[in-house]
Amino acid sequence: MATSLPWYKEVSPTQKKALFAAWLGYVFDGFDYMLITYVLLDIQKEFAMSTTETSTLLLAAFVARPLGGAIFGSFADKYGRRLAMIVSIITYSVGTFLCGLSTSYIWLFIFRMIIGMGMAGEYACSSSYAIESWPKHLRTKASAFLVSGFSIGNILASQVIPWVAQAYGWRVAFFIGLAPVALVLYVRRHAPESEEWAQAKAAGKVNKVPLTDLFTKKQLPITLIIFLVCYSIFSVNWPVVGLLPLYLKENGYAENVKSLMFWAGFGILIGTLIAGFIGDKLGEKKTFVYSLLLSLFFLFPVFYLPENNVLALGALLFFLLATNLGIAGLVPKYMATFFPAEMRSTGIGFIYNFAAIGGGVAPVIAAKLSERVGLGSALVYVTLFWTIVLVALVGLRLPERIQARMQK
C-alpha cells in the first residue's frame, strides 16, 4: 500500500542494495553485449572472414538466448535468484574473456554463444530478483531502474572499447569483459535472497524445475500470448535501432552518425526511467499504450525530414527512442505479473529470450521491403505495423483476459 512518504523512503537499505546488485549486472550485460560491435572490423581482418561470417558473430548471442533463458531461469526458480545471478554473471564474463583468446572464427562463434546464454540467464534472474525485492506498488520503478543499466553499459562500451582496442588491440578489449566477476563478490556479500522466492520455497512450492509447466494445458495459452507480446516488443523496437546507422549513412548524415546515435541512446535511457515513474502512477499497461502512440508523432518526421538538419534530427531521434524503446523498462514488471514466484524466472527467461527472434526477423523484413520503397519508408511501415499490434494486445488486455479464463 502506498504511503505519504516520498517513494525513495519507502525502500529499505536492503532493498536498495538488492536492486543495485541486479542493476550492476545489467550495466555489465550491456557493456559486454555491445563490446564486439566496436572491434568487428579488427576481427574480420585478422581472421580473414567474409562480411556474412562477421555478421553471424552478432547473431550467435541471439541464437543461444532461448537456451540460456530456459536453463538459468529454471535454475533460479529451483535454487534461488541470488545463486543464479552469480552463475549467469560468471558465464557471460568468462565467455567474453574467452573471445579474446579465440584462434578462429568457429571458436569466436562458440564463445559468443556462451555470452548469449549467460546474458539471457542474467536477464531472467535479475528481472525476477529486482521485481521481488521492492514494495509491490513501486515495482514498475524497480523494473525501469533495472533496465536502464543496459543503456548505461552500452554508453560505457562506446567510450571505452574503441580507445582500448586502438591502443592495445581487440583481444585486450575482450579481456576487460572479465570485470563483471568482481560483481559476484558484491552479490555474495550484500545481496539477500528474494524474500518472495524464499516464501514460496518455505511453502513447499519450489520442488522441481518448472520449464514444462509453461506448456501445460492451463498455462500454454498464457505462454503463447505473452510470447506474442514480447515478440511484438522486439519487432517494434529493433528495426529502427538496428538499421538506423545504415539509414543515416545512406541519407547524408555519415559524418554525424556518432553524435546522432548518442542522442538516440540517451533517449532510450531517459525514456526507460520516465516510463518507470509514469508506470507506477498510471499502471504499466496504460503507459505502454500511451508511450507507443506518442512515438508515432516522432516516427514519421524522423524518416521524412529534409536532409542536413542535424539538430532537428537529433532531437527527434531522442524523443522517438525515448517513447518507442523506453517501454523496455516496463517489460520485467509486466511479465512478472503473469507468473507465480516458483516459475517466474523460467517464464521470463524462456519466453522473453525466445521472443528475441523478433529482434532479428523484423529488421530483415524492413531491409527486404526497402528494396521497393526505400529504407526510411520501410522502417516506418514495419514499426507502424508492430506498434498497432502491440497497442491492441496490451490495450485490449488480451493476456489478462486469457489468464483469467484459464484460471477459472
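**Close-up views of a predicted model**

**View 1. A salt bridge between two buried residues, Arg139 and Glu196.** Glutamate 196 counts as buried, because its relative accessibility is 19% and the cut-off for buried is under 20%. Keep in mind as you look around that this is a predicted model. The partner of glutamate 196 is arginine 139, and their side chains meet in a salt bridge with 3.0 Å from N to O. Arginine 139 belongs to helix 6 and glutamate 196 to helix 9 (residues 195-202), so this pair ties together parts that lie 57 residues apart in sequence. Is arginine 139 buried or exposed? Its relative accessibility is 10%, so arginine 139 counts as buried.

**View 2. A salt bridge between helix 7 and helix 2.** Here arginine 171 pairs with glutamate 46, and their closest N and O atoms are 2.9 Å apart. Follow the chain and you will find that the two residues sit in distant parts: arginine 171 in helix 7 and glutamate 46 in helix 2 (residues 40-47), 125 residues apart. Both count as partly exposed, because the relative accessible area is 25% for arginine 171 and 44% for glutamate 46, and partly exposed covers values between 20% and 50%.

**View 3. Two neighbours in sequence, and a wider network.** Side chains of opposite charge can pair when their charged atoms come close. In this view, glutamate 284 and lysine 285 form a salt bridge, at 3.7 Å from N to O. Glutamate 284 is buried, with a relative accessible area of 5%, and lysine 285 counts as buried too, at 19%. Elsewhere, salt bridges with shared partners join Asp77, Arg81, Glu132, Arg139, Glu196 and Arg344 into one network. How many salt bridges does the count come to? The count comes to 11.

**View 4. A nonpolar patch on the surface.** Leu101, Trp163, Tyr168, Val172 and Phe175 make up this patch, and together they have about 510 Å² of accessible area. Helix 6 (139-168) and helix 7 (170-175) each contribute at least two of the patch residues. Look for phenylalanine 175 in helix 7: it is partly exposed, with a relative accessible area of 31%.

**View 5. Helix 5, largely enclosed.** Why can we call helix 5 largely enclosed by the rest of the structure? Because 23 of its 29 residues are buried. You can check its length as well: at 1.5 Å a residue, helix 5 (residues 105-133) should span 42 Å, and its end C-alpha atoms are 41 Å apart, which agrees.

Conventions:
Residues numbered from 1 in each chain as written. Predicted model: local features only at pLDDT ≥ 70, side-chain atom pairs only at ≥ 80, totals over all residues. Heavy atoms only, no water. Patch = residues over 30% accessible without salt bridge, like charges linked within 9 Å, V, L, I, M, F, W, Y side chains within 5 Å. Areas by Shrake-Rupley, 256 points an atom, 1.4 Å probe, with all protein chains shown as cover. Salt bridge = Lys/Arg side-chain N within 4 Å of Asp/Glu carboxyl O. Helix = DSSP H or I, 4+ residues; strand = E, 2+ residues; numbered from the N terminus. Buried < 20%, exposed > 50% of the residue type's maximum accessible area, 1.4 Å probe, protein only. Expected span 1.5 Å × (residues − 1).
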